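This report goes through one protein model for a reader who works with coordinates. It begins with a strand residue, moves through further single residues, and then turns to a helix, a pocket and the chain.

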Amino acid sequence: MHSLFQSPTVLCIVLSIYFFNALFVPSVESARVRYTSPPVKQHTKLFISISSRTEQPERRQMLRDSWLRWASPNYLDEVVGPPTPPELRTGNGEVVYKFFVDKPINDSEWNVINKEMAVYDDLVFMPSTIPRGHDLELYARRGLFHLSWTIARFDFEFYLRVDDDSFLCLDKLLYELDFTPRNTFFWGKWWCNNSRARADENFMLMTQDVAQVAASGVLRVYPHTFAMNFQYWLNGWNITLFDDRDRHSAQTGIVAPYMHEKEYQPQDADKYASFCTDHLYAHHFTSPQIARAVFHATQRQLQQHTTPQQYTLPEVRGPLETCGNPKLRFFAPWLDMNSLLVDIPKRK
């Protein structure tokens, strides 16, 4: 009986098929690698994006040592006694935060960042395609990168953007989010004048659907800040706007001046203790001593309750109501002279 391969023609055909399969047809193992499903996104109730400068680790540490401790699922307060009652939202693992920083460009910056990265897993480097600088459009590109990076990795219910010179009553915010709409919702603090009638960039909270539209690439980015672009986009969206005017102490309106002092003031101890009862957020805040004072005073109050009794839900009102100007308008500098003013939609 003759072997099939005794025929030179057949042998050439068989060898050709073998080498073709080896070179071009993926194996079962390679197919598994190539066609695996996308990674599962981590679910979180709230993702906090924190803008930070590479060379200012002291600001990041100030937040880690104060209000970001409310984001820890294993938090035990060594200063004010036993852990917070589990009925409270404090430290229940529903928060993920990241500091977004520029990639170091010299040995000095790398030394700073390497020390942080050896202890903390909370830094994200901005891409080299977004250079450093203060051009207004760079702020928009940074804001969009924060959003797109987060959306690619997390299944969040709410997205919050803040700066690193801030104090946030995070426990209070988590409590209030339980009563907040899960879609078509935006929360901030507006400038109440016709040239800057927009939410300030230092605090921008939105539901996942709003964040996805903003980061989708379908919206044109004009040469201005992220907040200016965002307000221009909001003009065409039918969403709920919450202007948290009385509880945010920021350049849009200082309501708690004691939070903006450079050093701890003993005469303001009672005010520090009541800040999170009366307010929610402070910007242009740089004192580690005040941060610790507000955090520990608030934590003591939380530990005295098994439910967040000291928190009163705010009334959700839009900027047209809070600013007291039903014809409030938004200045869009990139438009032609015939349409410089764009109406803010009259919605709550």
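His248 sits in strand 9, which covers residues 248–249. The model is a predicted one. With a relative accessibility of 1%, His248 counts as buried, because the cut-off for buried is under 20%. Its side chain makes a polar contact with the side chain of Asp244 at 3.3 Å. Setting aside residues up to four places away in sequence, His248 touches Trp187, Lys189, Phe203, Gly253, Val255, Leu280 and Tyr281.

Thr240 belongs to strand 8, residues 240–243. At 25% relative accessibility Thr240 counts as partly exposed. Thr240 and Phe185 are 55 residues apart in sequence, yet their C-alpha atoms are 4.8 Å apart in space.

Lys172 is located in helix 6. Is this lysine buried or exposed? Lys172 is buried, with a relative accessible area of 1%. Not counting residues up to four places away in sequence, Lys172 touches Arg247, Cys276, Thr277, Asp278, His279, Leu280 and Tyr311. One of these, Cys276, is 104 residues from Lys172 along the chain, with the two C-alpha atoms separated by 7.3 Å. The side chain of Lys172 reaches the backbone oxygen of Thr277 at 3.1 Å, and a polar atom of that side chain lies 3.0 Å from the backbone oxygen of His279.

Thr54 is in the loop between strand 1 (42–51) and helix 3. A relative accessibility of 1% makes Thr54 count as buried. Leaving aside neighbours within four places in sequence, Thr54 is in contact with Arg60, Val101, Asp102, Pro104, Glu109, Val112, Ile113 and Arg132. For Asp102, the backbone oxygen lies 2.6 Å from a polar atom of the Thr54 side chain.

The polar distances given above are collected here.

| Side chain | Partner | Distance |
|---|---|---|
| His248 | Asp244 side chain | 3.3 Å |
| Lys172 | Thr277 backbone oxygen | 3.1 Å |
| Lys172 | His279 backbone oxygen | 3.0 Å |
| Thr54 | Asp102 backbone oxygen | 2.6 Å |

Helix 10 runs over residues 288–303. At 1.5 Å a residue, its 16 residues should span 22 Å, and the end C-alpha atoms are 22 Å apart, so the two values agree. Helix 10 is mostly covered, with 12 of its 16 residues buried. Among the buried residues are Ile290, Val294, Phe295, His296 and Leu302. Which elements do the buried residues of helix 10 pack against? They pack against helix 3 (57–64), strand 5 (166–168), helix 6 (170–177) and helix 9 (269–278).

The largest pocket holds about 860 Å³ of space. Its lining has 31 residues, and Ser51, Tyr139, Arg142, Arg161 and Asp163 are the closest to the pocket centre. By type, the lining divides into four nonpolar, 13 polar and 14 charged residues. Helix 5 (136–153) and strand 4 (154–163) each supply at least two lining residues. The largest share, five residues, comes from helix 5.

For the chain, the secondary structure comes to 11 helices and 12 strands. Buried residues make up 49% of the 348 residues. Of the contacts between residues at least 6 apart in sequence, 74% join residues at least 24 apart.

Key. Residues numbered from 1 in each chain as written. Predicted model: local features only at pLDDT ≥ 70, side-chain atom pairs only at ≥ 80, totals over all residues. Heavy atoms only, no water. Helix = DSSP H or I, 4+ residues; strand = E, 2+ residues; numbered from the N terminus. Expected span 1.5 Å × (residues − 1). Buried < 20%, exposed > 50% of the residue type's maximum accessible area, 1.4 Å probe, protein only. Contact = heavy atoms within 4.5 Å. 1 Å grid on protein atoms, 1.4 Å probe; cavity = no way out; pocket = protein on both sides within 12 Å on 5 of 7 lines; lining within 4 Å. Points joined across faces, edges and corners; volume = space filled by probe spheres on them. Nonpolar A, V, L, I, M, F, W, Y, C, P; charged D, E, K, R; others polar. Polar contact = N/O pair within 3.5 Å; in protein donor to acceptor, adjacent residues only side chain to side chain.
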